[in-house]
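Notebook open, coffee ready. I want to look up how the strands line up and where the aromatic rings meet.

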Amino acid sequence: MAEVVSNKQVILKEYVTGFPKESDLQVTTSTIQLNIPQDCNNGLLVKNLYLSCDPYMRTRMANRQIQGYVGSFQLGSEISGYGVSKVIESAHPNFKTGDLIWGITGWEEYSLITKTEALFKIEDTDLPLSYYTGILGMPGLTAYGGFFELCSPKEGEYVFVSAASGAVGQLVGQFAKLSGCYVVGSAGTQEKVDLLKNKFGFDEAFNYKEEEDLNAALKRYFPKGIDIYFENVGGKMLDAVLLNMRKNGRISVCGLISQYNLEQPQGIYCLGQLILKSIRMQGFLAFDFYHLYPKFLEMILPKIRQGKIVYVEDKAQGLENGAAALVGLFSGRNVGKQLIVIANA
């Protein structure tokens, strides 16, 4: 008879309109049997160690379906997202008991994973396992693909990164510097601005909340214009950037965090700049670059070990603090990559 244990979970209590609240989520405790059902072919039973808080999760907290995108969370059920887990039992030929993996899992202590197509086995364990929620996981691959594959940076180009101290932005800025580019980032506090310049090596950074005129601010930092914009914000920031782009500029659209909590997204008024300046603007999802993960690791692992790339994490302890950590993303409360620590390996 398989052991039955308690299983703390974070469930979606109410669909969200406007800014999410901690009360939209609820921590409950159920039970789980520590074995894989016989009819669950290729399934994995895992113990979750770290969970990733990511802005895209807000879109899944609303009661709306987006064609071609992951669906909404189910009311009364545990939410899910990227995490790092340890395999307790496996019915899958590519994974065995004791393996460490990262990929989509439930926001709970133990999960039965039936969709295993997008799980990655962790081979390099000399680095912190929490890194696989960030620099070595989805955000890292997002930064790599969105910057190198879509923007094709050249030495000497001018790069702007919004939400630059976050899980993805802090890496894009460092990738830009390693490519010989001039890079400026925006963030929402002086602490984050200092982090960008002193920790991540950005050439300049500014607090967008202190700028009455974003167009004027960008002209101040980019008197010759912007070649590459890594977009994490949208709205007024995107409009201001479009006015400051150079001929044949590239915009990689990773996220639009300023828009996620609006029932009616803001319009963009300066799209004519795309025509006038032959600008290429392309959106993407992390899934688009999954096939590049081995190539990404080959590039980034040596740089982390050599101290050429650094990463800042903001760790919340325990599932009981999960709601506050996730909701805090949308007020900029986190400094660096926000994650939740559930257990040690």
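Below are my entries on the sheet, its helices and the aromatic rings.

**Entry 1: the sheet.** Note to self: this is a predicted model. I looked for a sheet and found an open one with six strands, paired in parallel and ordered β10-β9-β8-β11-β12-β13. At its edges sit β10 (204-207) and β13 (280-283), each with pairing on one side only. From one strand to the next, the twist averages 15°.

**Entry 2: one strand pair.** I picked β8 (residues 158-161) and β11 (residues 226-231), which are parallel and share three bridges. Across from Phe 160 I found Tyr 229 of β11.

**Entry 3: helices on the sheet.** Which strands does helix α2 touch? I got β8, β11, β12 (245-253) and β13 for α2 (residues 138-151), with its direction at about 150° to that of β11. Helix α6 (residues 236-244) lies across β8, β9 (182-187), β11, β12 and β13, and runs at about 150° to β12.

**Entry 4: rings.** My search of the whole structure gave 21 aromatic pairs. Trp 102 and Phe 120 are stacked, because their ring centres are 4.5 Å apart and their planes make 10°. Trp 102 belongs to β5 and Phe 120 to β7, 18 residues apart. Both are buried.

Then I checked Phe 230 and Phe 284: with centres 6.4 Å apart and planes at 65°, this pair is edge-to-face. Phe 230 is in β11, while Phe 284 is in the loop between β13 and α8, 54 residues apart. Buried or exposed, I wondered about Phe 230? Phe 230 has 0% relative accessibility, so I wrote down buried. Phe 284 also counts as buried, at 9%.

Terms used
Residues are numbered from 1 along each chain as its sequence is written. This is a predicted model: local features need pLDDT of at least 70, side-chain atom pairs count only at pLDDT 80 or more; totals for chains, interfaces and linings use all residues. Side-chain values use heavy atoms; hydrogens and water are left out. Two strands pair if DSSP finds at least two bridges between them. Helices (H or I, at least four residues) and strands (E, at least two) are DSSP runs, numbered from the N terminus. Axes are lines fitted to C-alpha atoms, for helices over the stretch in contact, and angles run from 0 to 180 degrees between N-to-C directions. Contact means heavy atoms within 4.5 Å. Rings of Phe, Tyr and Trp (its six-membered ring) pair if their centres lie within 6.5 Å; planes under 30 degrees apart count as stacked, over 60 as edge-to-face and the rest as tilted. Buried means under 20% relative accessible area, exposed over 50%, partly exposed in between (1.4 Å probe, protein chains only).
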